[in-house]
Amino acid sequence: MRVHGEVSDDEAATVVESVPLCPPPASAQRLVVGYALTKKKVRSFLQPKLLALARKKGIHFESIDETRPLSEQGPFDIILHKLTSKEWQQVLENYREEHPEVTVLDPPNAIQHLNNRQSMLQEVADLNLSNGYGEVCTPRQLVIMKDPSSIPDAVAKAGLTLPLVAKPLVVDGTSKSHELSLAYVEASLPLLDPPLVLQEFVNHGGILFKVYIVGETIRVVRRFSLPDVNTYDLGNNDGIFRFPRVSCATNNAEDADVDPCIAELPPKPLLEKLGKELRRRLGLRLFNIDMIREHGRKDRYYVIDINYFPGYGKMPGYEHIFTDFLLSLVQSKYERLLSAS
């Protein structure tokens, strides 16, 4: 399975047509990055430490005014965006066609693949990744569009095993789209609120790994997650337990006293292979992968979520990683133009 935004690693920067050759920005020149982000994303991403370092490297961030035609703004070298309206997506697609010299991070048609949890994990499942460092799976899941009363029969027919994690079907950038519910028994299933995705719960020691992807760079941080479920829990809980966003930065587990077998990060070669394949299959360069390790299975990992343009401001050293990435995009574009001339 592939999506429209598919790119190869060799084509990681935007393809450019009929663009005059010019050298990449040096420190004395300006690389202009237009951004169309929510107020919340602006606060979390455009932190003073990022802006200060960007200025030193000749990178200038410029806010895009959504009320004005995009073609009348700029000119931009790169556009960063995380707005979900269909109107904006169409504006940006039209702009990409008219200005192929501008790198858009990332193509709206590729991002849409991650806005729906029914399709979000399909590329991971299709990948069927397994090597000497471990295997990467996805939890068995079921999509429920409506009629909560039908959920028990649908779960039985699909052969899913309780407990089940319920997640909103649509990921729209709101905190609500990241809220989780845990259903322990069949009788509680009609209490859920479709449309949603039901995933089989996998015990993972209460630790989740957030794998940040910025181009070809990978960084991993630990977060506390939902605790393991045991036989006692299954026999003594009969309702729906709702959780806020469990993997946020306030649940940082980097320095926590955790069993080393649980806290050990996934092997770097496995993450590099996964990141490379997903960049190619998804056609994205800015995303993060939420992974868990099955408790008691050192080499089996599950991808449970993929998010576009995540909270990079929570990633240690993100300002250095991101500014280097922006400069590398322009350098790669310039080198390709030279080789084609």
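This is a guided tour of a predicted model, one selection at a time.

**The whole protein**

Start with everything shown as a cartoon. The secondary structure comes to 11 helices and 15 strands. The protein has 341 residues, and buried residues make up 49% of them. Among contacts with a separation of 6 or more, 74% are between residues 24 or more positions apart. If you switch on a surface, about 16,500 Å² is exposed, and carbon and sulfur atoms supply 51% of that area.

**Valine 330 and isoleucine 78**

For one example of residues distant in sequence, select valine 330, which lies in helix 11 (residues 318-340). Then add isoleucine 78: the two are 252 residues apart in sequence, while their C-alpha atoms are 8.7 Å apart in space. Valine 330 counts as buried because its relative accessibility is 13%, and the cut-off for buried is under 20%.

**Two cis peptide bonds**

Move to glycine 74 and proline 75. A cis peptide bond joins them, with omega about 5 degrees. Proline 75 sits in the loop that runs between strand 2 (59-63) and strand 3 (78-81).

Next select leucine 162 and proline 163. Their peptide bond is also cis, and omega is about 5 degrees. Here the proline, residue 163, belongs to the loop between helix 7 (151-158) and strand 8 (164-168).

**Two residues with positive phi**

Select aspartate 147, in the loop between strand 7 (141-144) and helix 7. Its phi is near 60 degrees, a positive value in a residue other than glycine. Aspartate 147 is partly exposed, with a relative accessible area of 41%.

Now go to phenylalanine 309, in the loop between strand 15 (300-308) and helix 11. Phenylalanine 309 is not a glycine either, yet has a positive phi of about 45 degrees. Is phenylalanine 309 buried or exposed? It is buried, with a relative accessible area of 0%.

**Cysteines**

Select cysteine 137 and cysteine 261. Cysteine 137 counts as buried at 18% relative accessibility, whereas cysteine 261 counts as exposed at 59%. How many disulfides does a search of the whole structure find? It finds 0.

**Salt bridges**

The structure has 17 salt bridges. Begin with aspartate 290 and lysine 210, whose side chains meet at 2.8 Å, N to O. Aspartate 290 lies in strand 14 and lysine 210 in strand 11 (residues 207-214), so this pair ties together parts that are 80 residues apart in sequence. Aspartate 290 is buried, with a relative accessible area of 5%, and lysine 210 is buried as well, at 6% relative accessibility.

Then select glutamate 272 and lysine 268, which form a salt bridge at 4.0 Å, N to O. They are 4 residues apart in helix 10 (residues 268-282), so about one helical turn separates them. Glutamate 272 is partly exposed, with a relative accessible area of 40%, while lysine 268 counts as exposed at 60% relative accessibility.

For another pair, pick aspartate 299 and arginine 297. Their side chains meet in a salt bridge of 4.0 Å, N to O. Aspartate 299 is partly exposed at 36% relative accessibility, and arginine 297 is partly exposed at 31%.

To see a network, select Glu123, Lys273, Glu277, Arg280 and Arg281 together; salt bridges link them.

**Arginine 293**

End at arginine 293, in strand 14 (residues 286-293). Which side chain of opposite charge is nearest to arginine 293? That of glutamate 264, 4.7 Å away. A salt bridge requires a side-chain nitrogen within 4 Å of a carboxyl oxygen, and arginine 293, although buried, has no salt bridge.

Show the polar atoms around this side chain. The side chain of tyrosine 301 makes a polar contact with the side chain of arginine 293 at 3.3 Å. A polar atom of the arginine 293 side chain also lies 3.4 Å from the backbone oxygen of lysine 298.

Finally, display the surroundings of arginine 293. Leaving aside neighbours within four places in sequence, its contacts include Asn203, His204, Phe209, Ile262, Leu265, Pro266 and Arg300. Cys261, selected earlier on this tour, is also one of the residues in contact with arginine 293.

Terms used
Residues are numbered from 1 along each chain as its sequence is written. This is a predicted model: local features need pLDDT of at least 70, side-chain atom pairs count only at pLDDT 80 or more; totals for chains, interfaces and linings use all residues. Side-chain values use heavy atoms; hydrogens and water are left out. Buried means under 20% relative accessible area, exposed over 50%, partly exposed in between (1.4 Å probe, protein chains only). Lys and Arg count as positive and Asp and Glu as negative; His and the chain ends are not counted. A polar contact is a pair of N or O atoms within 3.5 Å; within protein, one must be able to donate a hydrogen and the other to accept it, and residues adjacent in sequence count only if both atoms are side-chain atoms. Contact means heavy atoms within 4.5 Å. Accessible areas come from the Shrake-Rupley method with a 1.4 Å probe; for residues, only the protein chains shown count as cover. A disulfide is a pair of cysteine sulfur atoms within 2.5 Å.
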